[in-house]
Amino acid sequence: MDNQFEKKFKVTLLALLAIIAFSLVYIGYCLTIGFSRVSTKLFELSGVLSSLLGG
């Protein structure tokens, strides 16, 4: 009985770890994509501002 419970516990733990790892990777991916988009927008904005000030 204990051995079966231990097996189920390990499987559940592995599943939880897999879910946590996947969500961390997903959050990191979203942050990376979002950050690159934001930096691109900021770069465009600074280019527009410099052209306005220069012109």
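These legends describe several views of one protein chain, taken from a predicted model.

**View 1. The whole chain, built around a single helix.** The protein chain holds 1 helix and 0 strands, and helix 1 covers residues 2-54. Along the principal axes, the C-alpha atoms occupy a box of roughly 80 × 10 × 5 Å. The radius of gyration of the protein chain is 24 Å, whereas a compact globule of 55 residues would have a value near 10 Å.

**View 2. The surface of the protein chain, with 0% of its 55 residues counted as buried.** The area that the protein chain exposes comes to about 5,400 Å², and 76% of that area is supplied by carbon and sulfur atoms.

**View 3. A nonpolar patch on the surface, made of Val38, Leu42, Leu45, Val48, Leu49 and Leu52.** Together these residues have about 580 Å² of accessible area. One of them, Leu45, is found in helix 1, the element that spans residues 2-54.

**View 4. The salt bridge between the side chains of Lys10 and Glu6.** A search of the whole structure finds 1 salt bridge, and in the pair shown here the distance from N to O is 3.7 Å. Lys10 and Glu6 are separated by about one helical turn, because they lie 4 residues apart in helix 1. Side chains of opposite charge can pair when their charged atoms come close.

**View 5. The surroundings of Lys10 and Glu6, both of which count as partly exposed.** Lys10 has a relative accessibility of 49% and therefore counts as partly exposed, while Glu6, with a relative accessibility of 42%, also counts as partly exposed.

Conventions:
Residues are numbered from 1 along each chain as its sequence is written. This is a predicted model: local features need pLDDT of at least 70, side-chain atom pairs count only at pLDDT 80 or more; totals for chains, interfaces and linings use all residues. Side-chain values use heavy atoms; hydrogens and water are left out. Helices (H or I, at least four residues) and strands (E, at least two) are DSSP runs, numbered from the N terminus. The radius of gyration is taken over C-alpha atoms; the globule rule is 2.2 Å times the number of residues to the power 0.38. Buried means under 20% relative accessible area, exposed over 50%, partly exposed in between (1.4 Å probe, protein chains only). Accessible areas come from the Shrake-Rupley method with a 1.4 Å probe; for residues, only the protein chains shown count as cover. Patches are made of residues with over 30% relative accessible area and no salt bridge: like charges are joined within 9 Å, nonpolar side chains (Val, Leu, Ile, Met, Phe, Trp, Tyr) within 5 Å. A salt bridge is a side-chain nitrogen of Lys or Arg within 4 Å of a carboxyl oxygen of Asp or Glu.
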